[in-house]
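Subject: Structure for your review

Dear colleague,

Please find below the sequence and structure I promised to pass on to you. My notes on what was found in it follow directly after.

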Amino acid sequence: MIGKKHLQFHEIDSTNTYIKQNYKNMESGTIVQANHQTKGYGRMNRIWHDEIGKNLMFSLYLKVPLNEDITMLTQMAASSVYKTLKDNGINAYIKWPNDVLIGSKKVCGILLESIIDKEEAHIIIGIGLNVNNKLFQKEINTTATSMHLETGITFTKENVLITLITHLNNDFISYINHSHEYIDLVRENSYLIGKEVELQDQQKAHVVDIDSKGRLVVKIDNKLKTFIGSEVSLTNVYQNKE
Ligand code: BTN
């Protein structure tokens, strides 16, 4: 059960790093939370800054059988974050593969890492959700937002976390049962479908869909191509959502 074990640190380098170092002694479903990270990181090894005490930052450790499609877990977590925002009166978009946006600004980043051994996949899902932040570093000042900045409400982080854990439990059951209903939610609330994107190789692509396996389906030169999150980075997104 997700959240049955919950470790809390006032300050730590990174909750993802903590799990990578300690997962051998951890139960699946354990949550590791930090009030402040000194070496928080995101995708492409980007630094994940925090405003002490304002963000919700935690990592979830899951043991998953080797035959499961682990890339879908990022979409699963994005769906849980989306529902948590909705429960708090906030409408969001999911920007494949790992961001949740309010309008076009990022409110949450998700980082999935895995360690595969002979028996199972050890999954670390790091979630950084901007809850009560008021200030961001100058580099992300125009592209990041928080639940507080969007609503004027000061949220109780613990309540937001309880709601998020509830959704993660339900979405993980759906993942394990292969019902994958969260993919429909990710598709229906996608920020990218219908937009033009630029891939890291400067190729332009038109986003057509997110398929039942959580892969991005794009059209390049009239040919359909699918990508999993680790295969591609989107350097630009054009064209407003209709
Ligand atoms: C991204 O946007 O690229 C993902 C950001 C993930 C940040 C979270 S905060 C909790 C966990 N610990 C980390 O060092 N990173 C993740």
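In this predicted model, a backbone N or O atom of Y41 lies 2.7 Å from a nitrogen atom of the ligand. The ligand taken alone would expose 410 Å², and of that the protein buries 98%. Two side chains also take part in polar contacts with the ligand: a polar side-chain atom of S14 is found 2.8 Å from an oxygen atom of the ligand, while for T15 a polar side-chain atom is placed 3.1 Å from a nitrogen atom of the ligand.

The wider shell consists of 21 residues that surround the ligand, and the closest of these are S14, Q37, Y41, R43 and K106. Sorted by class, this shell holds seven nonpolar, 11 polar and three charged residues. As to where the shell residues come from, at least two are supplied by each of helix 1 (15-22), strand 3 (55-65), strand 6 (105-116) and strand 7 (120-130), and it is strand 6 that gives the most, with four residues.

Turning to the sheets, seven strands form an open sheet in the order 1-2-3-7-6-5-4, in which the pairing is mixed. Strand 1 (6-12) and strand 4 (93-95) stand at the edges of this sheet with a single partner strand each, so that one side of each is left without a neighbour in the sheet. On average, and with direction ignored, neighbouring strands here are turned by 20° against each other. Within this sheet, strand 1 pairs with strand 2 (residues 31-37) in the parallel sense over six bridges, and L7 stands opposite V32 in strand 2. Helix 1 packs on the sheet, where it touches strand 1, strand 2, strand 3, strand 6 and strand 7, and the direction of helix 1 makes about 30° with that of strand 3.

A further open sheet has five strands in the order 11-10-9-8-12, with antiparallel pairing. Its edges are taken by strand 11 and strand 12 (234-238), each of which has a single partner strand, so one side of each is left without a neighbour in the sheet. The twist in this sheet averages 40° from one strand to the next. Strand 8 (residues 196-199) and strand 9 (residues 204-210) pair in the antiparallel sense over three bridges, and the bridge partner of E198 in strand 9 is K204. Strand 10 (residues 216-220) and strand 11 (residues 223-227) also run antiparallel and are joined by five bridges, with I220 standing opposite K223 in strand 11. These two strands, 10 and 11, form a hairpin with two residues between them, and D221 in the turn has a positive phi of about 50°.

Two details of the backbone geometry may be of use when you inspect the loops. The peptide bond that joins W96 and P97 is cis, with omega at about 0°, and P97 is found in the loop between strand 4 and strand 5 (99-102). M44, which lies in the loop between strand 2 and strand 3, has a phi near 60°, a positive value in a residue other than glycine.

With kind regards

Terms used:
Residues are numbered from 1 along each chain as its sequence is written. This is a predicted model: local features need pLDDT of at least 70, side-chain atom pairs count only at pLDDT 80 or more; totals for chains, interfaces and linings use all residues. Side-chain values use heavy atoms; hydrogens and water are left out. A residue is near a molecule or strand if one of its heavy atoms lies within 4 Å of it. A polar contact is a pair of N or O atoms within 3.5 Å; within protein, one must be able to donate a hydrogen and the other to accept it, and residues adjacent in sequence count only if both atoms are side-chain atoms. Accessible areas come from the Shrake-Rupley method with a 1.4 Å probe; for residues, only the protein chains shown count as cover. Ala, Val, Leu, Ile, Met, Phe, Trp, Tyr, Cys and Pro count as nonpolar, Asp, Glu, Lys and Arg as charged, and the others, Gly among them, as polar. Two strands pair if DSSP finds at least two bridges between them. Axes are lines fitted to C-alpha atoms, for helices over the stretch in contact, and angles run from 0 to 180 degrees between N-to-C directions. Contact means heavy atoms within 4.5 Å.
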